[in-house]
Amino acid sequence: MRIPPSFTTHRREQGSALIAVFWLIAVLGMVVFASTKMLATDSHYAKESRGRIFAKRFAEMGLAVGQHPAITPDDPLLNYSSETGGGSSVTLVAEEARFNINGLLLNSDRSLLRRLFIKWNMKPEFASALIDALKDWVDQDDLVSLNGAEKREYEKEGLEDMPFNRPFKDLDEMLFVRGMEQVNAYYPGWRDWFTVFGDGRIDVNDAKPELISVLADVPMERVAPLVQYRVGMDGVKWTKDDGRLTSAVQVAQMLGVFQPQIVQQLNQWVQFAGPIRRIESVGSLGDVSRRLVIISQNNQGLWRGELPNHG
């Protein structure tokens, strides 16, 4: 039986039309899939943007509470949770609970900075070069330290008018120093160790245990009795049984340090009630958090800004 040519042609046309339909369905499917992905991406960015906005608002609310003169570090108002799942957590500490980077560099205290950088797992040669570069940045001459950097070295890298040859006015200025870009990449929490305010003495009542360990050059387990004394028997900070350190001799005894030379150094290095106030407020909503800081003395603002939140 012979199939008429018109029938064959018709069948071919039907097959071509069917393929075209499938192709259109596939194209439409890809368009729908792409649109869905775009909407999901937009939704993610919108959610993150909303989270950042509200997290900052919560942080600002916390700062407002923390600035009130009647607020004490143990006040329950410093921790707030909203029904939306967001909230803020505020801490009040002495700004002097950090190392004054200008004081260390201008006093040529290389050993303490070296201990700190080695604690951050820096190689000794990198730590030495970084200390030299930091020192060259704050001193007033153009003499290059052994592994440091002055004007010529920065000009080779296309950086004009550097170094500033004066003390740091802001911690972020440290990022201009050669070597600090690596530090910022591998140890982003470095700002929590330093300050540019105060007379250089460390407030040991507010300083974190790791900093005290570096300051006194003792292992962390030797700092444990001092920390336990500060938080009291209940182990909770800012409660009625907290202890307050009041003398360098007391600090040395709790650290198990009895060499007269180290006790004398502690007497020069430490204080017990730093006058500069640091208010930190971390606002959060969902997985998004933002950290705002105000530093003040005698109700006069010294610095205000936002820092990366690594906690």
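Here are three short exercises, with worked solutions, on a pocket and some strands of this predicted model.

**Exercise 1. Describe the largest pocket: what is its volume, and which residues lie nearest its centre?**

Solution. Start with the volume, which is about 550 Å³. Next, look at the lining, where you will find 20 residues. Nearest the centre of the pocket lie Thr91, Val93, Arg98, Lys208 and Glu280. Finally, sort the lining by residue type: eight residues are charged, seven are nonpolar and five are polar.

**Exercise 2. Find the elements that each supply at least two residues of the lining of the largest pocket. Which one gives the largest share?**

Solution. Go along the chain and mark β2 (87-94), then α7 (209-216), then β7 (277-285); each of these supplies at least two lining residues. Now pick out the largest share: β2 provides it, with three residues.

**Exercise 3. Trace the pairing of β7. How many bridges join it to β2, and how many to β8?**

Solution. Begin on the β2 side. β2 and β7 run antiparallel and are joined by eight bridges. To see one of these pairings, find Ser89, whose bridge partner in β7 is Val282.

Then turn to β8, which spans residues 288-297. Nine bridges join β7 to β8, and these two strands also run antiparallel. Here you can look at Gly283, whose bridge partner in β8 is Arg290.

Last, follow the chain from β7 into β8. The two strands form a hairpin with two residues between them. In this hairpin, Gly286 takes a positive phi near 65 degrees.

Notes:
Residues numbered from 1 in each chain as written. Predicted model: local features only at pLDDT ≥ 70, side-chain atom pairs only at ≥ 80, totals over all residues. Heavy atoms only, no water. 1 Å grid on protein atoms, 1.4 Å probe; cavity = no way out; pocket = protein on both sides within 12 Å on 5 of 7 lines; lining within 4 Å. Points joined across faces, edges and corners; volume = space filled by probe spheres on them. Helix = DSSP H or I, 4+ residues; strand = E, 2+ residues; numbered from the N terminus. Nonpolar A, V, L, I, M, F, W, Y, C, P; charged D, E, K, R; others polar. Pairing = 2+ DSSP bridges.
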